[in-house]
Amino acid sequence: MTVDLSRVIKAYDVRGVVPDELSPEVARALGAAFARVVVIPDAAPGDSGRPGTVIGRDMRDSGPELVDAFAQGLTSAGVDVTLIGLCSTDGLYFASGQLDLPGAMFTASHNPARYNGIKLCRSGARPVGQETGLAEVRELAQGYLDGEVPEPVSDVGQISEKDLLADYAGFLRSLVDLSAARPLKVVVDAGNGMGGLTVPAVLGDAAGLPGLPLQIVPLFFELDGTFPNHEANPLEPSNLIDLQAAVVANEADLGLAFDGDADRCFVVDERGGAVSPSAITALVGLAEVTKELAAGRTPTVIHNLITSRAVPDLLSSAGATTVRTRVGHSFIKAQMAEHGAVFGGEHSAHYYFRDFWFADTGMLAALHVLAALSTQDHTMSELAEMFEPYYGSGEINSTVPDAAAATERVLDAYRAAYPGIVVDTLDGVTVSHWDSHPQWWFNLRASNTEPLLRLNVEAVDEDIMEKVRDDVLSLVRESADGPTEGEEVL
């Protein structure tokens, strides 16, 4: 039975169960389509006279077979393929940027072991989403799966291998100066994901780099795509429990947690408390802004609309221009490039850097956090507190039969109760009372794939935040089948 690729290809990437949804046959068709839609039009011919692309993969057992099939689809279209083997997603972005080639990363991030997926990019790590080529890739690949025969080529591509881990580690090290750092003890939870490969290379000496003044306490560094210890999704609080306990037990200065493909980084303070990604956005953003101002440039920082108001408040005060954007990495990457932004951050712990081809890299964010902590005497909790002046609810999901009706119910109630509120529809609806007392705002966004409404609330006062949160949830869940609460799974 032919797979319906509309079920497999999401807004930003490919994701499906292996082999029912993502099989070698599907991967081969996607490779052939990617070649014709993106690689051939985008890539300059290499030494062979043929265009090229680069492919990496995470530790999932299904990876090698899928990569092989995808590469066959590319070479059959006349595209050379460079395989870089096991890597993090930001390692693939590094390869795409450094080699100036389109790329494909085989990963399903934090999803369970039965899944795999593909993140595609153009040369220079530029994103490929539904509006930038992914829809065309899906349409062409679906045709191949339905029986259309790709146009044959006389000069098929060749496959080669290249190890870029040491280059990746050295490049990241060159962007953050830790030479004046004080010694730190750091617990790192790799979640059996690719952080088990990249952390020793970047923060240690496994790639041949000089040692740093860091004592790394490793948790779950063994690469294992079955995730035997816990899901590799630090956005879910239950997956931070092991790290939090280890930080306290080891009397460490901080903890770092990476997701399955190690492109997101989460921070835990010395007391075991989770530091919000908004605080990390402000902290890292300030470092990048300071560097830009010292060079005589006016910096721009991008943040999505559900990061804390502390992000634009603090960075604007420091001299940056801040730009608010929709949730989603393809949107924020586009805004990064459009504005030439030095940095961007999301609530989901994706951090984007101009110096990293406007792409996201959790490891570079981790280096900035380590540099900020190690060059002053504050503890991690004290440092984080400086960047968390407001109270947030976190993201709360509610199962609703009609998201549009629930949203209208909330808007009607708040417009009646607060005539001066500001409502915008950049992504879902954001209702703001920030310019009046008491200060609060909330955002409601419907899921694209599930009958869910996602709520984020922030206020200057914790009691006010809790009241707005509870009032909105009560309105949302009227006549609903029942709530599903918890952090968003990305």
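This short presentation covers a sheet, a helix pair and one serine in a predicted model.

Let me begin with the sheet. It is open and contains 5 strands, arranged in the order β9-β8-β10-β11-β12, and the pairing is mixed. At its edges lie β9, residues 214-219, and β12, residues 274-275, each of which pairs on one side only. Within the sheet, I would draw your attention to β10, residues 254-258, and β11, residues 265-268. These two strands run antiparallel and are joined over 4 bridges. One position to locate on the display is Leu256, whose bridge partner in β11 is Val267.

I turn now to the helices. Helix α8 spans residues 277-294 and helix α11 spans residues 362-374; the two pack with their axes 10 Å apart, at an angle of about 80 degrees. An angle from 65 to 115 degrees counts as roughly perpendicular, and α8 and α11 are therefore described in that way. Which residues form the contact? From α8 come Ile280, Leu283, Val284, Ala287 and Glu288, and they meet Ala365, His368, Val369 and Ala372 of α11. Sorted by class, this contact comprises 7 nonpolar residues, 1 polar and 1 charged.

Finally, I come to Ser96, which belongs to helix α3, residues 89-99. Is Ser96 buried or exposed? Its relative accessible area is 0%, and the cut-off for buried is under 20%, so Ser96 is buried. Leaving aside residues up to four places away in sequence, Ser96 touches Val54, then Leu101, Pro102 and Gly103, and also Cys121, Arg122, Ser123, Gly124 and Ala125.

Methods: Residues are numbered from 1 along each chain as its sequence is written. This is a predicted model: local features need pLDDT of at least 70, side-chain atom pairs count only at pLDDT 80 or more; totals for chains, interfaces and linings use all residues. Side-chain values use heavy atoms; hydrogens and water are left out. Two strands pair if DSSP finds at least two bridges between them. Axes are lines fitted to C-alpha atoms, for helices over the stretch in contact, and angles run from 0 to 180 degrees between N-to-C directions. Angles under 35 degrees count as roughly parallel, over 145 as roughly antiparallel, 65 to 115 as roughly perpendicular and the rest as oblique. Contact means heavy atoms within 4.5 Å. Ala, Val, Leu, Ile, Met, Phe, Trp, Tyr, Cys and Pro count as nonpolar, Asp, Glu, Lys and Arg as charged, and the others, Gly among them, as polar. Buried means under 20% relative accessible area, exposed over 50%, partly exposed in between (1.4 Å probe, protein chains only).
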